[in-house]
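Thanks for coming, everyone. Let me put the structure up, and then we'll walk through it piece by piece.

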Amino acid sequence: LSQLPGWSARPDGSIVIATGNDDALGVYTCTPYNSYGTAGASRPTRVLLKDPPAFTVRPKEEYFQEVGRELVIPCTAHGDPPPTITWGKVGSTGQSGAQVDGNSSLIFRPLIKEQHGVWECTATNLVASVSTATSVYVLGTSPHAVTNVSVLPLLLAANISWEPGFDGGYFQRFSVWYTPLVKHPPRAHHDWVSLSVPAGAQHLLVENLQPDMSYQFSVLAQNKLGSGPFSQIVTSVPRGFPVTTVPPEPPAMTMHVFLSPPQALTANETSRGVLLRWEPPARFSVALSGYALELRQDKGGWEVLERSIPSTESQVLVPGLIKDAFYEFRLVAFAGSYISDPSNTVNVSTAGMEVYPSRTQLPELLPQPVLAGVIGGICFLSVAVIFSTMAACIMNRRRAARIQKRRQDPPLVFSP
């Protein structure tokens, strides 16, 4: 072994070859022995040199493509034996609806919002496994959710900061939403408060908070196409002024709040769209404030479609959805500052439907104020036409009477 550079023997009898080359090729046997001799050599083993995978075509570092279009990302490699190429999205399981063709290229047909992110191509054979990554940016969508939301408690205030998600290809703005968590709400309905964030900022100072009271904070991103999903909710307690030590108060009665999710959510296709119906929660100890409707497309992330459905409603109409897509809907209930778990999920397929996105509305032909205005306008025009016709008839009759009278009167004769 001393004549072969990089070769060495371990105490357990193993041979270490630091750099594999043609010198390592061949058949090897191992013979153990001691002071009494040996029991013979081991079975022969053959050393073969194989090539690890190496990429011949790597994907570019970044790809930008409009939503709904086709995107093809190549990735090929060679080795001995020939490697197997696999694709995966970093941070998720599966391929999120993408396909791999016979040339090991990743195909998005069509490209959807949920396929935005980092994708990894991996080449594997018996020798080794190597990977390369690329970033896919899906343009023409609503913003993605912000991440890493943090709240710094201050004196009667809180500083909220976050990291923006992808803007979907358009300028995005942010708003911070917060609400207090109180055991005894002062009123039956307690809304979340929203504050606009200055353009370009990634933090906001929320002031005039109550000391020693828990608050919930969330951040929402919006662009010209709509709003993205809310960020995760972060709970924090602002600091109060220092006070002198006082005897502790007797423990207060704990109020247990019960709010079960909406029940029996169903979906029915109508001539005007998809009609969703549900039953109110079976248990709630605080008066219901309303409902929020959430949806997701093709197993993507959940987004809020309508957040201000009155508590008196038990149905809502979704007039239009994207053609040839698969949708899932669910409902949550609000009671004071509490949010229920989601209801059961209903599935809707728009395969073959010639429909496009439209605003969700309650199932009425027209809002009552608009309908009243239309009816009033029609009545006013009808009365105006009738009065105009009657006035024209009266004026024509008077003019005809004056002409007739002039014809019947004798001519005047003046004598000298």
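**Starting from L71**

Let's begin with one leucine. L71 counts as buried, at 7% relative accessibility. Keep in mind that this is a predicted model. L71 sits in strand β7.

What does L71 contact, once its neighbours within four places in sequence are set aside? The list is Y63, Q65, L106, I107, F108 and V136. Take V136 from that list. L71 and V136 are 65 residues apart along the chain, yet their C-alpha atoms are separated by 9.4 Å.

Now F108. In strand β11, F108 is the bridge partner of L71. The two strands, β7 and β11, pair in the antiparallel sense over 3 bridges. β11 covers residues 106-108.

Step back to the sheet. It is an open one, with 3 strands in the order β7-β11-β10, and the pairing is antiparallel. Which strands stand at the edges? β7, residues 71-73, and β10, residues 99-100. Each has a single partner strand, so one side of each is left without a neighbour in the sheet.

**T134 in strand β13**

Next, a threonine. T134 lies in β13, which runs over residues 129-139. Buried or exposed? T134 is buried, with a relative accessible area of 2%.

The T134 side chain has a polar contact with a backbone atom. It reaches the backbone oxygen of E61 at 3.4 Å. Beyond four places in sequence, T134 touches a run of residues that includes P59, K60, E61, E62 and Y63. It also touches I73, W87, G117, V118 and W119. Y63 is a name you have heard already, as a contact of L71.

**A second open sheet**

Move along the chain. Here we have an open sheet of 3 strands, in the order β14-β15-β18, with antiparallel pairing. β14 (147-154) and β18 (203-206) are the edge strands. Each of them has a single partner strand, so one side of each lacks a neighbour in the sheet. From one strand to the next, the twist averages 15°.

Look at the first pair in that order. β14 and β15 pair in the antiparallel sense over 6 bridges, and β15 covers residues 157-163. S150 stands opposite S161 in β15. L152 has N159 in β15 as its bridge partner.

How many residues lie between β14 and β15 in their hairpin? There are 2. In the turn, L156 has a positive phi of about 55°.

**The nonpolar cores**

Now to the packing. The largest nonpolar core has 21 residues. Which members touch the most other members? L276, L293 and F329. Five strands each supply at least two residues of this core: β23 (273-279), β24 (290-297), β26 (315-318), β27 (326-335) and β29 (346-349). The largest share, 5 residues, comes from β27.

Zoom in on L276. Leaving out residues up to four places away in sequence, L276 touches L265, T266, A267, L293, S314, Q315, V316, V318, F329 and V346. So both L293 and F329 are on that contact list.

There is a second, separate core of 19 residues. Its members include W162, L204, V206 and V234.

**E303: a buried glutamate**

One charged side chain to finish the tour. E303 is found in strand β25, residues 303-310. E303 is buried, with a relative accessible area of 19%, and the cut-off for buried is under 20%.

What does the E303 side chain make a polar contact with? The side chain of K113, at 2.9 Å. Beyond four places in sequence, E303 touches K113, S142, S227, P229, L293, E294 and L295. L293 is also one of the core residues we just discussed.

**How far to trust it**

Last point, confidence. The protein chain averages a pLDDT of 81, and 83% of the residues score at least 70. Two stretches to flag. Over residues 356-367, pLDDT stays under 50, and the model has 29 contacts beyond four places in sequence for them. Over residues 412-416, pLDDT also stays under 50, and there the model has 0 such contacts.

That's the tour. Over to you for discussion.

Methods. Residues numbered from 1 in each chain as written. Predicted model: local features only at pLDDT ≥ 70, side-chain atom pairs only at ≥ 80, totals over all residues. Heavy atoms only, no water. Pairing = 2+ DSSP bridges. Helix = DSSP H or I, 4+ residues; strand = E, 2+ residues; numbered from the N terminus. Axes fitted to C-alpha atoms, helices over the stretch in contact; angles between N-to-C directions. pLDDT = per-residue confidence, 0-100. Contact = heavy atoms within 4.5 Å. Buried < 20%, exposed > 50% of the residue type's maximum accessible area, 1.4 Å probe, protein only. Polar contact = N/O pair within 3.5 Å; in protein donor to acceptor, adjacent residues only side chain to side chain. Core = buried A, V, L, I, M, F, W, Y, C linked by side-chain atoms within 4.5 Å.
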